[in-house]
Amino acid sequence: MSDAMDAYWQLQPLARTLATAIFVTSIGGHLGLIPTGWLYFHSSVAIFKMPPQIWRFLTTFLLSGPQLGIILDPYFVYQYLSQIESGNPKFQRKEDVLWYLITVSGIILLLTQYFLGFQPFLISALITALCYTASQDSRGMKANFFFFTVPAQLVPYCMLGMSVIMNPAVLPQQICGILAAHLHDFLVRTWPEFGGGKNWLATPAFVSRLVTTPRILQREYGTGFRPLTQTSDSSTGSSAGSGPLPDSWRTRGAGHRLG
């Protein structure tokens, strides 16, 4: 049991947390332990009701499909989000991944509300968006989609094709998910790098403060400590403890060349 828990805590933290939340919420919702009427998003209760039920912005993405969906949906969320979290060059920090989830989820909500009307749960759109983002930086590589091997960047479109055959009802949601992920990629990378524009979805400072890096690092070979920010000497403008000279020499002032 301890080995399983150790392996669990070694997983990518954001992907692990989101997949676990989906699994627990789905178990509770499909077994009747959690009233699903408290989970879906609708603007009339999430925004305009007093007090506003703002948790619905999150929980509308947390209920999976029934039966096998309880297992497969959290699995796909973890698979694609862990790829984004661990190896995507567009997301250098954990807070960038968190802000990506917030902005893409918000775009999905806007698209589905405007084009599709009332959609109670949007996990299909989120999974497709994660798949699109994870696959766009894997161009030239191959990926497995069920029993087939396809170019990695085509995996989200294979998901659309599978939905046409097996579950056409989720197809509009999945299209909104691809549009949301594509718009995020355009605003964050394509437009700033190739169009000379501004990154309109840069990670704000408050998100960086939410995702803090611990000062104490536990390693297999010992414990490491990140040093605190060093203060500068007000008279000399140099940092204490830096440079090749002894500290006692730092109060002597600026040197002068002789001769």
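**Reading a helix pair and two pockets**

Student: In this predicted model, at what angle do helix α2 (residues 13-30) and helix α6 (residues 94-116) pack, and how far apart are their axes?

Tutor: Here's the general idea: two packed helices are described by the angle between their axes and the distance between the axes. In this case, α2 and α6 pack at about 35°, and their axes are 10 Å apart.

Student: Which residues make the contact?

Tutor: From α2, look for P13, L14 and L18; from α6, find K94, V97, L98 and L101. Sorted by class, the residues of that contact are six nonpolar, one charged and no polar.

Student: Now the pockets. What volume does the largest pocket have?

Tutor: About 1100 Å³. It has 38 lining residues, and D73, F76, I127, F146 and M159 are the closest to its centre.

Student: Which element gives the most to that lining?

Tutor: That's α5, with eight residues. At least two residues each come from α5 (69-87), α7 (123-136), β1 (142-145), α8 (155-166) and α9 (171-194). By class, you get 22 nonpolar, 14 polar and two charged residues in the lining of the largest pocket.

Student: And how much space lies in the second largest pocket?

Tutor: About 420 Å³. Its lining has 13 residues, with L18, L58, L98, L101 and I102 the closest to the centre. Helices α2, α4 (56-59) and α6 each supply at least two lining residues there, and α6 has the largest share, six residues.

Student: What classes make up the lining of the second largest pocket?

Tutor: Ten nonpolar and three polar residues, with no charged ones.

Conventions:
Residues numbered from 1 in each chain as written. Predicted model: local features only at pLDDT ≥ 70, side-chain atom pairs only at ≥ 80, totals over all residues. Heavy atoms only, no water. Axes fitted to C-alpha atoms, helices over the stretch in contact; angles between N-to-C directions. Helix = DSSP H or I, 4+ residues; strand = E, 2+ residues; numbered from the N terminus. Contact = heavy atoms within 4.5 Å. Nonpolar A, V, L, I, M, F, W, Y, C, P; charged D, E, K, R; others polar. 1 Å grid on protein atoms, 1.4 Å probe; cavity = no way out; pocket = protein on both sides within 12 Å on 5 of 7 lines; lining within 4 Å. Points joined across faces, edges and corners; volume = space filled by probe spheres on them.
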